[in-house]
Amino acid sequence: MRASKEEYNKEPVLYCNTCLSLKVISTTDGTDFCDLCGSTDIVSSSIEEWQKRYEKRYGVSQLKENKDGK
């Protein structure tokens, strides 16, 4: 069974607290780092909270709506 958008969006995301990138790499020793800027300041939040921070800093939305508005 496929998860609904609401269920999927409840899952927390990891992102770089420095540049807000979602490109986080986890190493085998448990260290997380940003693949773009190299920072190890990685935080977790809902995708909506991350999107608000991203839009506030960069002025653009990274989340796209489907054609049917979902």
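**Figure 1. Ser-45 and its contacts in the predicted model.** Setting aside residues within four places in sequence, Ser-45 is in contact with Pro-12, Val-13, Tyr-15 and Trp-50. The model shown here and in the other views is predicted. Ser-45 belongs to strand 4, which spans residues 42–45. Its relative accessible area is 7%, so Ser-45 is classed as buried. Tyr-15, one of these partners, also appears among the contacts of Arg-53.

**Figure 2. Arg-53 on helix 2.** Arg-53 is part of helix 2, which covers residues 47–58. With a relative accessibility of 30%, Arg-53 is partly exposed, whereas Ser-45 is buried. When residues up to four places away in sequence are left out, Arg-53 touches Tyr-15, Asn-17, Leu-20 and Val-43. Leu-20, one of these residues, is the subject of the next view. Arg-53 can also be placed relative to Leu-22: the two are 31 residues apart in sequence, and their C-alpha atoms are 12 Å apart in space.

**Figure 3. Leu-20 in the loop between strands 1 and 2.** The loop that holds Leu-20 runs between strand 1 (13–16) and strand 2 (24–26). Leu-20 is not a glycine, yet its phi is positive, at about 70°. The relative accessible area of Leu-20 is 1%, so this residue counts as buried. The contact with Arg-53 links Leu-20 to a residue of helix 2.

**Figure 4. Cysteine pairs without a disulfide.** A disulfide is a covalent bond between the sulfur atoms of two cysteines. The whole structure, when searched, gives zero disulfides. Cys-16 takes part in none, and its nearest cysteine sulfur, in Cys-37, is 3.6 Å away. For Cys-19, the closest cysteine sulfur is that of Cys-34, at 3.6 Å, so the pair is too far apart for a bond. The cut-off for a disulfide is a pair of cysteine sulfur atoms within 2.5 Å. Cys-16 is buried because its relative accessibility is 0%. Cys-19 has a relative accessibility of 15% and therefore also counts as buried. Cys-16 and Cys-34 are both among the contacts of Ser-39.

**Figure 5. Ser-39 in the loop between strands 3 and 4.** Ser-39 sits in the loop that joins strand 3 (32–34) to strand 4 (42–45). The side chain of Ser-39 reaches the backbone nitrogen of Asp-41 at a distance of 3.0 Å. Apart from neighbours within four places in sequence, the residues in contact with Ser-39 are Cys-16, Thr-18, Asp-32, Phe-33 and Cys-34. Ser-39 is buried because its relative accessible area is 15%.

**Figure 6. Tyr-8 on helix 1.** Tyr-8 lies in helix 1, made up of residues 5–10. Is Tyr-8 buried or exposed? At a relative accessibility of 62%, Tyr-8 is exposed. Tyr-8 and Ile-47 are 39 residues apart along the chain, and their C-alpha atoms are separated by 9.5 Å.

**Figure 7. The whole chain, as context for the close-ups.** The chain contains two helices and four strands, in the order α-β-β-β-β-α along the sequence. Along the principal axes, its C-alpha atoms fill a box of roughly 40 × 35 × 15 Å. Of its 70 residues, 21% count as buried. Among contacts between residues at least 6 apart in sequence, 43% join residues that are at least 24 apart. About 5500 Å² of the chain is exposed, with carbon and sulfur atoms supplying 50% of that area. The chain carries 11 positive and 12 negative side chains, and the centres of these two sets lie 7 Å apart.

Key. Residues are numbered from 1 along each chain as its sequence is written. This is a predicted model: local features need pLDDT of at least 70, side-chain atom pairs count only at pLDDT 80 or more; totals for chains, interfaces and linings use all residues. Side-chain values use heavy atoms; hydrogens and water are left out. Buried means under 20% relative accessible area, exposed over 50%, partly exposed in between (1.4 Å probe, protein chains only). A polar contact is a pair of N or O atoms within 3.5 Å; within protein, one must be able to donate a hydrogen and the other to accept it, and residues adjacent in sequence count only if both atoms are side-chain atoms. Contact means heavy atoms within 4.5 Å. Accessible areas come from the Shrake-Rupley method with a 1.4 Å probe; for residues, only the protein chains shown count as cover. Lys and Arg count as positive and Asp and Glu as negative; His and the chain ends are not counted. The place of a charge is taken as NZ of Lys, CZ of Arg, CG of Asp or CD of Glu.
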